[in-house]
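Here are some comments for your reading of this model, set out as numbered points. Please keep the structure open alongside them.

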Amino acid sequence: MLSIEKYQQEFTAYLRKYAAVKEPKNLYEPIDYILSLGGKRLRPVLTLMTADIFNGKYKDALNAALSIEVFHNFSLVHDDIMDAAPLRRGKQTVHEKWDVNTGILSGDAMLIMAYQLFEPYDANTFQDLAKLFSKTALEVCEGQQYDVDFEIRNDVTIPEYLKMIEYKTAVLVGAAMKMGAIIANASKEDQHSIYEFGRNLGIAFQLQDDYLDAFGDPKTFGKQVGGDIIENKKTYLYLKALEFSNETDKSALFQLFNSNPEDVSTKIEVTKQYFVSTGSADATKRAIEDYTSKAFSGLESLNISEDKKQLLKRFGNNLMNRTV
């Protein structure tokens, strides 16, 4: 087993060899740009780590890890277009740096490239990886559609929101880990268990991302703090604040999330005050802890050593204590 930092280094080196600009440059330069922006590389690291955890070779999982990262960044390019987001990881988004059409086409190419990366695997492994990838990619699209639908709905429930973030974010984390298990020829039971670990950790990760969007440090978060509030997104924070509010505060918060004032800084600050005063901020922290605990409890059934289980727990705890 390697350290998280070593997996990141190995993956980044492999990514650099892959992300070469070729003709036509206007198609491939944006791809190289988004892939070089960095980020946590959470998903590919999980693929490599999981291959090692099940006594495979992490180097055998590099192509699958890269496929996950290319697909993830493809979804970011298109999501940023849909959200009209100006920044990604503190830098201009692809459609801002180039234009919307370039973002659409380069994103399309990335989706195809993600599938191509499975081609070196043997037939059985290829089939298992491609089947999981197709299922996951479609779920991510479904999650994105739910997210879009929620923008014009005022009756979104917390179970609906949790389903949306499960599809939009968590299933890709679960798939990243299951791919590592597939490549290591782990049992079907262990493949399922590690997927569930990743899925629950992914839900906790997205809830943490929602929390940081409101309360994170702009210097470390990498995205515009308060972006979800500006876009009137019905996050867990918002839905819990409505649940805990009296009728007066509920009406005021509802009006805030149906307004688009020129002074967005005031809207952000007033909304955050509601999140704190209603207890929504604390409830979100508890939900993050609950889903992290659920992920950890699922590790008990895995056919791996206690040391490896502790490694996965340390990774999860570090993830939930992040500031970016």
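1. In this predicted model, the axes of helix α8 (residues 158-183) and helix α9 (residues 188-215) come within 7 Å and cross at roughly 135°. Angles over 145 degrees would count as roughly antiparallel and those from 65 to 115 as roughly perpendicular, and α8 and α9 are therefore oblique to each other. The crossing of α8 and α9 is right-handed, and the residues of their contact comprise 16 nonpolar, six polar and four charged ones.

2. Helix α9 also takes part in an enclosed space, since the structure holds one cavity of 30 Å³ or more, and the largest cavity contains about 40 Å³ of space. Its lining is made up of D210, D213, A214, D228, I229, K233, T235, L237, F257 and F275. Two or more of these residues come from each of α9 and α11 (227-230), with α9 giving the most, namely three residues. Sorted by class, the lining of the largest cavity has five nonpolar, one polar and four charged residues.

3. The second largest pocket, with a volume of about 260 Å³, deserves a separate look. Twelve residues line this pocket, and I4, Q8, F315, N318 and L319 are the closest to its centre. At least two lining residues are supplied by each of α1 (4-18), α3 (42-53) and α16 (306-320), while domain 1 (1-186) and domain 2 (188-323) each contribute at least three. The lining of the second largest pocket divides into six nonpolar, two polar and four charged residues.

How values were computed
Residues are numbered from 1 along each chain as its sequence is written. This is a predicted model: local features need pLDDT of at least 70, side-chain atom pairs count only at pLDDT 80 or more; totals for chains, interfaces and linings use all residues. Side-chain values use heavy atoms; hydrogens and water are left out. On a 1 Å grid over the protein atoms alone, a cavity is a set of points where a 1.4 Å probe fits but cannot get out, and a pocket is an open set with protein on both sides within 12 Å along at least five of seven lines; lining residues have an atom within 4 Å of a point. Grid points are joined across faces, edges and corners, and a volume is the space filled by probe spheres set on the points. Helices (H or I, at least four residues) and strands (E, at least two) are DSSP runs, numbered from the N terminus. Ala, Val, Leu, Ile, Met, Phe, Trp, Tyr, Cys and Pro count as nonpolar, Asp, Glu, Lys and Arg as charged, and the others, Gly among them, as polar. Domain bounds come from an automatic or database domain assignment. Axes are lines fitted to C-alpha atoms, for helices over the stretch in contact, and angles run from 0 to 180 degrees between N-to-C directions. Angles under 35 degrees count as roughly parallel, over 145 as roughly antiparallel, 65 to 115 as roughly perpendicular and the rest as oblique. A crossing is left-handed if the near helix is turned anticlockwise from the far one by less than a right angle, and right-handed if clockwise.
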